[in-house]
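Visitor: I should like a close look at a single part of this model. Please describe it in one connected account.

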Amino acid sequence: MMNDDGQSDSSIVPTKSANKVTPEVTAERMEGRLVVKGNAKERPVSRTQGWKEGMQESLNRIRQAVRREPKQKMTSLYHHVYQVENLRTAYFGLKKNAAAGIDGETWQHYREELEESLENLSERLRRGAYRAMAVRRVYIPKADGRKRGLGIPALEDKIVQSVVAQILSAIWEPEFKGFSYGFRPQRSAHDALDALAVGIQQRPINWVLDADIRGFFDTISHDWLIEMIEHRIGDRRMTALIQRWLRAGVMEEGQWKRNEDGTPQGGLVSPVLANIYLHYVFDLWAQQWRKREARGAMILVRYADDFVVGFEHRADAERFQGELSARLGKFKLELHGEKTRLIEFGRHAAQERRKRRESKPETFNFLGFTHICGETRGGKFTVIRKTMRKRMQAKLKELKQEFRRRMHSDPQDQGAWVNAVLRGHYQYYGVPFNSESMWTFAFHVSALWHKTLRRRSQKSRLPWERFTRTFKRWIPNPRICHPYPVDRLRRRLAVMT
């Protein structure tokens, strides 16, 4: 890794530590990874599944090399990138209906001459004639009313990026810290949410730093990123390939713009590059800070550039926040002033604030949920998670436009679409204590659909009672899809052991 001066520091071994280990089940234990000794058992695969065997064989060889020489640079990787079998696997792993890049090439059209196209791509990669295209920049609305820029790469860039992303993941996955959850295999947003909830509930956490990095994907330093990649990769062709994507630029409204910094959101390789960057900038540094500087308990949960840090003592929290700002500044990053807050939150927050005659504990948002200090029916402290109001409002606004577009579609088709929307919403937001928010969302979606059906004709007569009676089968009732955080943690630990 790199020390505070940006120099290589091989004395710090990237191993995972517990949050001041206790015999209790803690969020830190959830941060463990499934370790498989020896070769995993193979299951019979179909011909379609067999396309993946070549890529898996390449990744397994890379993982074995990493295990044998965990400190050595990988110097022979590029040949895995241009193998036709690996490119084919990457192609079939792409979304078939994804938007096209500036080349206009679609998944379906590329398949018409798939083998010839893949052979041609492989040959260009092998002899160094492959050239990355600029990404097409589009904007999508955010919950706060602003817009997020997404980059859509050309199809062949997606294919090659997919192969490279899997190679990078195979190399760095053993090094990534347990409290890092974003864009990693066998880890999800709900794993991060559960780790945070269990950590706050079972550790003596009294203060929470809810942090966000301003424009992270747009401000990643190319020079620092390449230096970090070269910390583990000595194959110059691999680093040159990554640099081509970083420097390809952006096409926006017909105008090409150079990328001096940043990696476009939407690129298949961007998530793993972002994790590598924050691994060296934040994860290793934060873990060492917890070991050496923290005077009390401390928990860490990071999902991409959004992270939450819990502290037992306010002094620790304030020192960490100040030093974090300086740390990020060395790597051309900065905390988002409006989205970064230090709040009193935890088991004793409500009681302490009552003593000072202050209002209820503040809340914070993380991964689409508002986190609230609450109690169970038995009076025990718990972290209650509710759907973020801004997220719900933004989604309803989006659905309103979609209802308008589907106004004259067959009601049966509308119903199937509404059913899919609601089930998808429940699948993510169906956590304990969030039933009320889900019922609210379902009611508003039903009201939007009812309004849409009534506006199909000026003579339409569709009372609410008839609507609910006729279309009820398309509107599933909200249900809790996820267990209590500690229950899922226990099940995950049982699988790991």
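Guide: The account below follows one strand, its hairpin partner, and then a loop and a helix.

The model is predicted, so local features need pLDDT of at least 70 and side-chain atom pairs count only at pLDDT 80 or more, while totals for chains, interfaces and linings use all residues. Residues are numbered from 1 along each chain as its sequence is written, and side-chain values use heavy atoms, with hydrogens and water left out.

Helices (H or I, at least four residues) and strands (E, at least two) are DSSP runs, numbered from the N terminus. Buried means under 20% relative accessible area, with a 1.4 Å probe and protein chains only. Strand β6, residues 298-303, has six of its six residues buried, so the rest of the structure largely encloses it. In a regular strand the side chains alternate between the two faces of the sheet. On one side of β6, Met-298, Leu-300 and Arg-302 are buried, and on the other Ile-299, Val-301 and Tyr-303 are buried too.

Strands pair if DSSP finds at least two bridges between them; β6 and β7 (residues 306-311) do so in the antiparallel sense over six bridges. Val-301 has Val-308 of β7 as its bridge partner. Two residues separate the strands of this hairpin, where Ala-304 takes a positive phi near 60 degrees.

Elsewhere, Thr-263 lies in the loop between β5 (255-257) and α13 (270-292). Thr-263 is buried, at 3% relative accessible area. As for α13 itself, 20 of its 23 residues are buried.

Definitions and conventions. Buried < 20%, exposed > 50% of the residue type's maximum accessible area, 1.4 Å probe, protein only.
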